[in-house]
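Q: I'd like a close look at one part of this model, please: its sheet. Could you walk me through how the strands are arranged and what surrounds them?

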Amino acid sequence: MAQRLQTIEQGNHIIAVYPTKEAKFNEAFAFLKAGLEKDEVVIMITTDLSKDEIRARMRNEWKVNVPKLESTGDIIIRTTQEAYFPDGIPNIQRTMALWSTLVENCLGKGKKGMRVFGDMRAFFKNGFTKELLEYESCLEQRFNFPIIGICAYDSEDVDNNITLEQIRQLQQHHNPVWMDGY
């Protein structure tokens with residue numbers, strides 16, 4: 001997994017399927033740490049770890065002052081609900097506007113770009129599979145602005161909630177595709 005992180009570049013809209021929570025977050029923290037080191041804003045979106053667990057891991061593994069970096073907007077930590085459905089249901093236009101604003105703010109601060117690790121598990125837990133597929137279908141295979149995004153899926157969610165045709169649809173809207181076995 002660590003090797004594939006060496007191949008990413010700005011504009012990548014990555015889909016990744018993880019066999020375990022541990023594998024998912026090991027890659028997430030490595031991916032985001034590299035972004036912080038490259039003067040990029042890093043964003044972690046998940047409900048599988050609490051914000052305090054995320055902060056502790058960043059502090060312990062990265063040896064950084066997480067509260068300070070959060071206060072300057074260099075690190076952003078959100079739950080999936082906060083990022084994608086703060087009003088209780090997903091809204092594609094609102095989410096797209098959020099990304100646009102975040103990129104503008106990031107570039108306005110002189111940052112080189114933005115890295116986002118978006119954990120999609122909560123979409124399935126909340127019964128928003130259809131909305132997730134619609135949202136992913138609105139996004140380009142490659143972003144035309146300085147962002148690298150990983151859309152993180154758990155293999156259990158893919159196996160239990162998405163058809164083969166829907167998997168192919170997801171793959172068409174991402175590049176690279178990290179979905180071994182699909």
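A: Happy to; here is the sheet, followed by the chain it belongs to. Please keep in mind that this is a predicted model.

The sheet is open and has six strands, in the order β3-β2-β4-β5-β1-β6, with parallel pairing. At its edges stand β3 (75-78) and β6 (177-178), each with a single partner strand, so one side of each lacks a neighbour in the sheet. In general, strands of a sheet pair through backbone hydrogen bonds, either parallel or antiparallel.

The β6 edge is a nice place to zoom in. Here strand β1 (residues 13-18) pairs with β6 in the parallel sense, over two bridges. If you want a pair of residues to look for, try alanine 16, whose bridge partner in β6 is tryptophan 178.

Now for the setting of the sheet. The chain has 10 helices and six strands. Its radius of gyration is 15 Å, close to the 16 Å that the globule rule gives for 182 residues, so the chain is as compact as a globular protein of that length. Along the principal axes, the C-alpha trace spans about 45 × 30 × 30 Å. Among contacts in the chain with a separation of 6 or more, 78% are between residues 24 or more positions apart.

As for burial, 49% of the 182 residues count as buried. The chain exposes about 8,800 Å², and carbon and sulfur atoms supply 48% of that area. Finally, the chain carries 22 positive and 26 negative charges, and the mean positions of the two sets are 6 Å apart.

Notes. Residues numbered from 1 in each chain as written. Predicted model: local features only at pLDDT ≥ 70, side-chain atom pairs only at ≥ 80, totals over all residues. Heavy atoms only, no water. Helix = DSSP H or I, 4+ residues; strand = E, 2+ residues; numbered from the N terminus. Rg over C-alpha atoms; globule rule 2.2 N^0.38 Å. Buried < 20%, exposed > 50% of the residue type's maximum accessible area, 1.4 Å probe, protein only. Contact = heavy atoms within 4.5 Å. Areas by Shrake-Rupley, 256 points an atom, 1.4 Å probe, with all protein chains shown as cover. Lys, Arg positive; Asp, Glu negative; His and termini not counted. Charge placed at Lys NZ, Arg CZ, Asp CG, Glu CD. Pairing = 2+ DSSP bridges.
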